[in-house]
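Reader: I'd like to learn how to read the inside of a protein model. Could you walk me through one, feature by feature?

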Amino acid sequence: MSTVLENRAAERDQLQQAVLRHVTYSLGSAPERLSPAEAFRAVALAVRDRLVEARLATEQRYRRAGAKRLYYLSLEFLIGRSLVNNLINLGLYDAFRDALGGLGVAPADVEESEIDAALGNGGLGRLAACFLDSLATLALPGFGYGINYEYGLFKQEIRNNQQVERPDTWRAFPSPWEIERPQDAVLVPLYGHIEHGVDRHGNYNPMWADWRAVIGVPHDMLVAGYGGKTVNYLRLYSARASHEFDISIFNEGDYFKAVQDKVQSETISKVLYPSEAAAAGRELRLVQEYFLVACAVRDIVRTYQHDHDDFERFPDQVAIQLNDTHPALTVAELMRLFIDEYDIPWERAWEITTATCAYTNHTLLPEALERWPVPLVERVLPRHLQIIYEINHRFLKQVAARWPNDTDRLRRMSVIEEGQVKQVRMAHLSIVGGHSVNGVAEVHSRLVRTELVPDFAELWPERFNNKTNGVTPRRWLLAANPGLARLLNETVGEGWAADTDRLRRLERFAGDASFRQKFAAVKRDNKRRLAAVIKDAIGEVVDPNSLFDIQVKRIHEYKRQLLNLLHVVHEYLSLVDEGRKPPQPRTYLFAGKAAPGYQAAKEIIRAINDVAAVVNRDRRTRDYLRLVFLPDYRVSLAEVIIPAADVSEQISTAGTEASGTGNMKFAMNGALTVGTLDGANIEIREEVGPENIFIFGLTVPEVRRLRAEGPYRPLEVYRREAEVRRILDAFRECRFCPNSPGQHDWVCRKLLADNEPYLHLADLPSYLRAHDEVGRLYADPTSWMTKAILNVARSGKFSSDRTIREYAENLWGLRPVPG
């Protein structure tokens, strides 16, 4: 014990000295006047020093081992805050708290001073961040590549019950975690035209001429694995002009034009997902995607060339994973480099490219599969369009040889979609240009093969596979839920954070009354913490002893926040019109952002807040029902919300959600799921047991059958089901918008329309019954806590470590290089 205490004291003293050094020499401040924000920067810089040392040692190991490297390309990485996660993974969290105590600064204030890195939006970006954590934890050579957005998506405010978007100025102060590497900047060509010529052998030799150059400047965020032995990086590129300033134009008096190139170039990395409502926004989105790809591919090739004189071993040393279709241009960019710059014959270049690239699909919604108008691609990337056409020409010859005279199949499989304006199908390009296509849950991967791209699955069945998503337990349990983490350490030992299979040992304690009490106490503390955040954010007082029913995720019609709201209205009407009290007080919480151009999602947010305004002001509901919408959902807010949940709402229409990862985080923290048999809900049910989850609604086959036998007529449900009728009539009668008649007419119009795509009313009666079951079970605390504990104990499969092992062993051919 004395040795442990001595080591902790030594760590404290070393960290404190490093912090004081940065206070003086990096910040130019005096320790006695240190604010929490200044303390955060000093601590972050001190921690970064440790990360840099470990990164250099990690790179030496990789180079000595001649290790193959994985490059994960994603348009978003939803990192959140980094301080606590880095401290925990480096084993310095206790030393940090002790060191700050000696400086007179509260650790909690320092932690809260960090601003979330606005580099992502939803599950796609958070998955990418979890994967980076797991790659480093497993000592695998894996690196992320993305864009260093200046403003990210947006900060969400709620005014007059409506979403208002504000710039997310997360980089108002330089991030202490980023290391700028201008010496590794990359030149990115855009626009221009093709000059058609021949080489000295008389072969066609197109030249991409008169292109405009943009510079990509890399910034590294270092990613520590648990235990601190391995540190990889996330490389983020900022766009800069190739010529910052034209002095001749300036001297002529046109001051704005003198900096026009700088402004236009730097717009590329300003904002995540610019609105595509206008043509300029759509063009910027395409430019962003190519900017990411061009920077990443050039850097990957440069790294490879450090140790190789040719590209024969490129697929043996390099794996590139495309996180959805946003980086699909990687296929064309690799081909362009190999053919145009390195003079590799087409056939060999294609072999190398397809052996290197792999594609993860994240959506079953056809409208969400990216397509780019051919005229736009030709204007922005003329050489790439040539290459894509050649890829498609050769591919369709292969299809025609397999299925002669099947023109419909050729049309369905073509990378180019015919129409009034031809489109480049980016999913098809990703499939054709790689060696693997994976979904992210068992049911999703099956539907990718059988419904989304069945022709491709028939042509290349060996390319299609499943990799069920996962989440890192270090952030989502160890860091986000310290009370539960301590209880787990006491009960099953500390090894679970790196080996979540050990959580199974918790099962035998589910029947232990003493353990249940401790588990319940942790949940109560987490609910009190969330209640305080709610009061501080929106002024609403909620009862921590009430049932916390939570749905937090991107606002989208298929995720069916509206279905959840219909249930809240049902509870309200039952209470105020019938006097029927719920079995226990309930707090319903929503959070999530709607895309700026997605009006239907914005109307859902407004409806939630309209209903909340009525419910929360009604004295009859005071002791029984609260509805809150927490604005500006982000990682740091999720870390407070998720550990406090009693009920996790995962209610997408069956067959629409690829996987979901929020469902995994909630289960890992002891919430019981109310969900459809969609995405990873199915596998959660298999793991935790059907008796420990509340499943409702139509299954995927039932949804398909309903649509096939159609038309689906929700009006029949309305007429048949009195409870459904009462809920919709409340919207029709303006009970939640008394001062704005007709404001909620869209609810009935949308939900009663023939063939309403997300089947809200078809599932509503079953959903209401599931919540009746929730109420009955929650009234029995012993049974509820037993099931909550079993959810934690059986959530081990959903660690991103398991997912990454499957990718590494079955797809990337990566081997650990431990320290």
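Author: Happily! This is a predicted model, and we can begin at the end of a helix. Helix 30 is followed by Cys-734, whose phi is positive, near 65°.

Reader: Which residues of helix 30 are buried?

Author: Within helix 30 (residues 722-732), the buried ones are Val-724, Ile-727, Leu-728, Asp-729, Ala-730 and Phe-731. They pack against helix 23 (561-578), helix 24 (599-617), helix 29 (714-720), helix 31 (745-751) and helix 32 (760-778).

Reader: What is Phe-731 in contact with, leaving aside its neighbours within four places in sequence?

Author: Its partners include Leu-565, Leu-566, Val-569 and Val-611. Phe-736, His-744, Val-747 and Cys-748 are also in contact with Phe-731. This residue has a wider role in the packing too: of the 268 residues in the largest nonpolar core, Phe-731 is one of those that touch the most other members, together with Tyr-145, Phe-314, Leu-530, Leu-589, Leu-761 and Trp-812. The element that gives the most to this core is helix 10 (residues 279-305), with 14 residues.

Reader: Now strands. Why is strand 11 largely enclosed by the rest of the structure?

Author: A general idea helps here: in a regular strand, side chains alternate between the two faces of the sheet. In strand 11, both faces are covered. Val-318, Ile-320 and Leu-322 are buried on one side, and Ala-319, Gln-321 and Asn-323 are buried on the other. Strand 11 (residues 318-323) is largely enclosed because 6 of its 6 residues are buried, where buried means under 20% relative accessible area.

Reader: Which strands pair with strand 11?

Author: Strand 1 (residues 69-73) pairs with strand 11 in the parallel sense over 5 bridges. Strand 12 (residues 357-360) also pairs with strand 11 in the parallel sense, over 4 bridges. Ile-320 is a handy landmark: Tyr-71 stands opposite this residue, and in strand 12 its bridge partner is Cys-357.

Reader: How many cavities of 30 Å³ or more does the structure hold?

Author: There are 3, and the largest has about 230 Å³ of space. Of its 18 lining residues, the closest to the centre are Ile-79, Ser-82, Asn-85, Val-223 and Arg-475. Helix 3 (83-90), helix 6 (123-137) and strand 9 (212-224) each give two or more residues to that lining.

Reader: What classes of residue line the cavities?

Author: The lining of the largest cavity has 10 nonpolar, 5 polar and 3 charged residues. For the second largest, with a volume of about 60 Å³, the lining divides into 1 nonpolar, 6 polar and 4 charged. Among the residues lining this second cavity are Lys-553, Ile-651, Glu-657 and Asp-678.

Notes: Residues numbered from 1 in each chain as written. Predicted model: local features only at pLDDT ≥ 70, side-chain atom pairs only at ≥ 80, totals over all residues. Heavy atoms only, no water. Buried < 20%, exposed > 50% of the residue type's maximum accessible area, 1.4 Å probe, protein only. Pairing = 2+ DSSP bridges. Core = buried A, V, L, I, M, F, W, Y, C linked by side-chain atoms within 4.5 Å. Contact = heavy atoms within 4.5 Å. 1 Å grid on protein atoms, 1.4 Å probe; cavity = no way out; pocket = protein on both sides within 12 Å on 5 of 7 lines; lining within 4 Å. Points joined across faces, edges and corners; volume = space filled by probe spheres on them. Nonpolar A, V, L, I, M, F, W, Y, C, P; charged D, E, K, R; others polar.
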